[in-house]
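Trainee: Please take me through one loop of this model in close detail, and then place that loop in the context of the whole chain. I would like the cut-offs spelled out as you go.

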Amino acid sequence: MELSMLTEQARTALLELLGTAALEAGDLFVVGCSSSEVIGEKIGSHSSPEVARAVLDGILPVLRERGIFLAAQCCEHLNRALVIEEEAARLYRLERVNVLPQPKAGGSFATAAFAAFSHPVAVERISCAAAGMDIGQTMIGMHLRPVVVPVRLSVRRIGEAVLTCARTRPKFVGGARAVYDPALL
């Protein structure tokens, strides 16, 4: 599999999602990525650090440029804990947990993020990400704040992995007479 193609697919998808998500500096952006699914294998069966790094290379520089924090979801063997920058953990008052992701226990993507971050820490959950990308049906929904809005992109796959993206919006409150700000939809 051509690694540069994976980097470009991830970057293109991210830019398209950011175009609709209206994120701000300081927001959390969650990514779950099965490198096994990206290469066309069953999730958790063929972890690939090289593939994970290629996907990360398409995502992390764009988020950093915008001041958005990446939250890299670990696999189910670490209960989908997340790797984030220590600064984000402090900002969001998230409790640090003691685990170092590995390709077969945490996943290659979280492992690559841990290596690429300036001051990485692991947290158990965030439940406050403003948007995210799920690459290979890794189930990131638990880390998004309510209300989640699916975003359909022109990029439907990264490698062989199904790509599902979402943003969030503020909750609607009020009744039949309520008026809503269209800019927040």
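**A close look at one loop**

Mentor: Happy to! Met139 lies in the loop that runs between strand 6 (131-135) and strand 7 (148-151); helices (H or I, at least four residues) and strands (E, at least two) are DSSP runs, numbered from the N terminus. Before we go further, keep in mind that this is a predicted model, in which local features need pLDDT of at least 70 and side-chain atom pairs count only at pLDDT 80 or more, while totals for chains, interfaces and linings use all residues. Residues are numbered from 1 along each chain as its sequence is written, and side-chain values use heavy atoms, with hydrogens and water left out.

Now to Met139 itself. With a relative accessible area of 52%, Met139 is exposed; here buried means under 20% relative accessible area, exposed over 50%, and partly exposed in between, using a 1.4 Å probe and protein chains only. Its backbone deserves a look too, since phi of Met139 is near 65 degrees, a positive value in a residue other than glycine. Most residues other than glycine have a negative phi, and most peptide bonds are trans. If neighbours within four places in sequence are set aside, Met139 is in contact with Gln73, Arg80 and Asp134, where contact means heavy atoms within 4.5 Å. Cys33 is 106 residues away from Met139 in sequence, yet their C-alpha atoms are 9.5 Å apart.

Thr138 sits in this loop between strand 6 and strand 7 as well. Thr138 counts as buried because its relative accessibility is 7%. Not counting residues up to four places away in sequence, Thr138 touches Gly32, Cys33, Ser34, Ile43, Gln73 and Arg80. Gln73 and Arg80 thus appear among the contacts of both Thr138 and Met139.

Further along, Val147 is found in the loop between strand 6 and strand 7. A cis peptide bond joins Pro146 and Val147, with omega at about 5 degrees.

Elsewhere, Ala22 is another residue to inspect: not a glycine, Ala22 has a positive phi of about 50 degrees. Ala22 belongs to the loop between helix 1 and strand 1 and is exposed, at a relative accessible area of 62%.

Let us step back to the chain. It has five helices and nine strands, in the order α-β-α-α-β-β-α-β-α-β-β-β-β-β from the N terminus on. Of the contacts with a separation of 6 or more, 70% are between residues 24 or more positions apart. Of the 185 residues, 48% count as buried.

Finally, the interior. A nonpolar core is a set of buried Ala, Val, Leu, Ile, Met, Phe, Trp, Tyr and Cys residues joined through side-chain atoms within 4.5 Å. The largest one has 45 residues, of which Phe29, Ile59, Phe109, Met133 and Ile135 touch the most other members. Among the elements giving two or more residues to this core are strand 1 (28-33), helix 3 (49-66), strand 2 (69-73) and strand 6. Helix 3 supplies the largest share, nine residues. Apart from this core lies another, of 17 residues, among them Val30, Ile84, Val121 and Ala166. In soluble globular proteins, nonpolar side chains tend to be buried together.
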